[in-house]
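Here's a quick walk through one protein model, from a single contact up to the overall fold. Have a look at the structure first, then read on.

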Amino acid sequence: MGKRNAEMIKIMIVLTVLVGLLTAHPGPLQAEPLVTVSGVISDDGQLFGSDGVIYEIAENEIGLELVEMIGDRVNVQGKVVAVDDAVMIVVVAFEKVRK
């Protein structure tokens with residue numbers, strides 16, 4: 001298994017735990033403010049933010065819809081979490097930006 005695959009598995013495990021915490025338990029994680037990030041969805045299902053950050057998109061229901069919008073400019077609202085060397089966004093809402 002390559003280094004990239006091992007990192008993705010680690011990220012997916014953390015995402016699963018994080019999404020469970022965010023949706024099931026009120027507490028400090030839910031108190032984190034939502035942010036809005038503008039950017040473009042890449043072929044790899046990442047959000048290339050206009051702020052220069054590349055965001056991994058959490059695999060929740062809304063995130064899975066978002067990653068299908070390859071090449072589209074979007075505004076994404078969610079919670080940003082640092083996971084190892086990656087920055088991840090747990091999406092709660094998004095909209096396609098009209099050109």
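A polar contact, as used here, is a pair of N or O atoms within 3.5 Å; within protein, one of the two must be able to donate a hydrogen and the other to accept it. Keep that in mind for Asn60, whose side chain reaches the backbone nitrogen of Gly63 at 2.7 Å. Bear in mind too that this is a predicted model.

So where does Asn60 sit? Look in the loop between S3 and helix H3 (61-66). Is Asn60 buried or exposed? With a relative accessible area of 15%, Asn60 is buried, because the cut-off for that label is under 20%.

Just before that loop comes strand S3 (residues 54-57), and Ile57 belongs to this strand. Ile57 also counts as buried, at 7% relative accessibility. Here are the two residues together:

| Residue | Place | Relative accessible area |
|---|---|---|
| Ile57 | strand S3 (residues 54-57) | 7% |
| Asn60 | loop between S3 and helix H3 (61-66) | 15% |

Ile57 can also be placed against Val80: the two are 23 residues apart in sequence, and their C-alpha atoms are 9.6 Å apart in space.

Now for the fold around them. The protein has three helices and five strands, and from the N terminus on the order reads α-α-β-β-β-α-β-β. How do the five strands come together? They form a closed barrel that runs S1-S2-S3-S5-S4, with mixed pairing. On average, neighbouring strands of this sheet are turned by 55° against each other, direction ignored.

One pairing in the barrel is worth a look of its own. Strand S4 (residues 73-83) and strand S5 (residues 86-96) pair in the antiparallel sense, over ten bridges. Pick out Gly78 and you'll find that its bridge partner in S5 is Val91.

Zooming out, 31% of the 99 residues in the protein are buried. The accessible surface comes to about 6,300 Å², and carbon and sulfur atoms account for 56% of that surface. As for contacts between residues at least 6 apart in sequence, 56% of them join residues at least 24 apart.

How far does the predictor's confidence go? The protein averages a pLDDT of 83, and 70% of the residues score at least 70. Among the elements, strand S1 (residues 35-41) has the highest mean pLDDT, at 97, while helix H2 (residues 28-31) has the lowest, at 53.

Methods. Residues numbered from 1 in each chain as written. Predicted model: local features only at pLDDT ≥ 70, side-chain atom pairs only at ≥ 80, totals over all residues. Heavy atoms only, no water. pLDDT = per-residue confidence, 0-100. Helix = DSSP H or I, 4+ residues; strand = E, 2+ residues; numbered from the N terminus. Buried < 20%, exposed > 50% of the residue type's maximum accessible area, 1.4 Å probe, protein only. Contact = heavy atoms within 4.5 Å. Areas by Shrake-Rupley, 256 points an atom, 1.4 Å probe, with all protein chains shown as cover. Pairing = 2+ DSSP bridges. Axes fitted to C-alpha atoms, helices over the stretch in contact; angles between N-to-C directions.
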